[in-house]
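Visitor: I have a model open in front of me and I'd like to learn how to read it. Could you walk me through a few features?

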Amino acid sequence: MTAVAQHVPRTDRFGAGDLLAEAAAGIGARPGRLMLTILGTVLGIASVVVTVGLAQTAAGQINKQFDAVAATQGAAEAATSRLGGDELALGSLPWDAPARAERLNGVEAAGLVSEIEAEGLEVTAVPVHDPSASRTASTPVMATSAGALAALDGRVVQGRYFDAGHDQRGDRVVVLGADAAERLGVVRVDRQPSIFIGERAYQVIGVVDDVVRRTDLLSAVILPNGTARADLGLTVPQELHLHLQVGAGPVVGSQLPTALSPDAPEAVKVAVPTGGSAVQRSVQADISAIFLALGGVALLIGGVGIANVTLLSVLERVGEIGLRRALGATRRQIAAQFMVESVVVGMLGGLVGAALGVAVVTAVSAASRWTPILDLRMVAVAALSGGLIGLLAGLYPSMKAASIEPISALRGGV
């Protein structure tokens, strides 16, 4: 009988089931404290999920706005070469550049835009020159092709934009930007108002607003290319603006120089969006880094809370620890018990915090009419990280519990 008793392992008295039972009993012994302990982890994990989720969602909204303009915007101009201190144009854009560009797949609209050197020509609403009147800032004069407004995402708020017929005939008509119209006192175009560029009168047929791609047009007087060539000496167009389909930038960028200048494609400089946007990635990375740092601070606070409560639990249960040691529990088993308690508390906080964070991100996105963006892998990692935080937070309290001697513990010492 003695020989048989010697083969019974001492650790069989406290198996894995006993360890889990003791840990569960310790966790559920004080529900109020458990809730407060979990609350710290919940807030930490939830803050990480919320900050990262809202950062991704906000970056998505920024990217969407960026894509709405930049991903469909293209431009072309004559390439230049520096000779000495001057820049010399290697060529020029053809006047039919919009028609050539619109033949390419992916180009939805194209238009020419040029700035007019109107030195000495004052833009006024009346042909009256008062030498005693104070000088005001001159109104810039621009020339465009008929399809430029569509290429620039502009909007006509009064009247109309000039068409190809006005351009071909060189009609003396103009369209005003909203700021220029206000400066010149043009309130309505249905009364056929006129403005003067120098001594020549031009009928105002429209007012444009919200020119997304060239906001300088809002403060300008806009003429047809044909009119600018006949009256103001415009010799070559300066810029070709394109409205592209999303994703068509690389293809259009490779084909457009040949379409505009078959004999010398290198004489045309093209700017189109690439397949991926470094600006978008930079914005998202910066926002995510800032919010993740804030979430990490909150998570650290939650981990410290678990460590404090676990250590307090050890100090309060010295007598229980001493009794279990006296009944045969090893230091490893005592440490494992408190480690399991800490990990379970951390995992509970992680799961609840991750769920709460997802709910907050979804609610905020719905209230703002955004599309919520959440990486499910990040949410799963955040939930599991609660257990990791509990593991790290329970190291010292577990070591403290394992170091308690049975005799001193039963006597009430630590």
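Guide: We'll go through strand pairing, the nonpolar core, some backbone angles and a surface patch. Keep in mind that this is a predicted model.

Visitor: Let's start with strands. Which strands pair with strand 10, and in which sense?

Guide: For pairing, look at the bridges and at the direction of each strand. Strand 7 (residues 155-159) runs antiparallel to strand 10 (residues 200-209), with four bridges joining them. Strand 8 (residues 173-177) pairs with strand 10 in the parallel sense, over five bridges. Strand 9 (residues 194-197) also pairs with strand 10, antiparallel and over four bridges.

Visitor: Which residue in strand 10 is the bridge partner of Val 175?

Guide: That's Gly 206. Gly 206 also stands opposite Gly 159. For the pairing with strand 9, find Ser 194, which sits opposite Gln 203 in strand 10.

Visitor: How many residues lie between the strands in the hairpin of strand 9 and strand 10?

Guide: Two. While you're there, click on Gly 198: in this hairpin it takes a positive phi near 70 degrees.

Visitor: Where do I find positive phi in a residue other than glycine?

Guide: Try Gln 192, with phi near 55 degrees, and Arg 369, with phi near 60 degrees. Gln 192 is in the loop between helix 7 and strand 9, while Arg 369 belongs to the loop between helix 12 (331-368) and helix 13.

Visitor: Is Gln 192 buried or exposed?

Guide: Exposed, because its relative accessible area is 57% and the cut-off for that label is over 50%. Arg 369 gets the label exposed too, with 79%.

Visitor: Now the inside. What's the general idea with nonpolar side chains?

Guide: In soluble globular proteins, they tend to be buried together. In this model, the largest nonpolar core has 20 residues. Among those with the most contacts inside it are Val 174, Leu 176, Val 186, Ile 195 and Val 221. The elements giving two or more residues to this core are strand 6 (141-144), strand 8, helix 7 (178-184), strand 9, strand 10 and strand 11 (221-224). Strand 10 makes the largest contribution, three residues.

Visitor: Which residues does Val 186 touch, leaving out those up to four places away in sequence?

Guide: Leu 176, Ala 181, Pro 193, Ile 195 and Val 204.

Visitor: And His 166: is it buried or exposed?

Guide: His 166 is buried, because its relative accessible area is 10%, and buried means under 20%. His 166 lies in helix 6 (residues 164-169). Leaving out residues up to four places away in sequence, His 166 touches Arg 160, Asp 171, Val 173, Ile 205, Pro 224 and Thr 227.

Visitor: What about the surface? Which residues make the nonpolar patch?

Guide: Leu 388, Leu 391, Leu 392 and Leu 395 make a nonpolar surface patch of about 350 Å². Helix 13 (residues 376-393) gives the most to this patch, with three residues. Leu 395 lies in helix 14 (residues 395-402).

Visitor: Why does Leu 395 count as partly exposed?

Guide: Because its relative accessibility is 39%, and partly exposed covers the range between under 20% and over 50%.

Technical notes: Residues are numbered from 1 along each chain as its sequence is written. This is a predicted model: local features need pLDDT of at least 70, side-chain atom pairs count only at pLDDT 80 or more; totals for chains, interfaces and linings use all residues. Side-chain values use heavy atoms; hydrogens and water are left out. Patches are made of residues with over 30% relative accessible area and no salt bridge: like charges are joined within 9 Å, nonpolar side chains (Val, Leu, Ile, Met, Phe, Trp, Tyr) within 5 Å. Accessible areas come from the Shrake-Rupley method with a 1.4 Å probe; for residues, only the protein chains shown count as cover. A salt bridge is a side-chain nitrogen of Lys or Arg within 4 Å of a carboxyl oxygen of Asp or Glu. Buried means under 20% relative accessible area, exposed over 50%, partly exposed in between (1.4 Å probe, protein chains only). Contact means heavy atoms within 4.5 Å. Two strands pair if DSSP finds at least two bridges between them. A nonpolar core is a set of buried Ala, Val, Leu, Ile, Met, Phe, Trp, Tyr and Cys residues joined through side-chain atoms within 4.5 Å.
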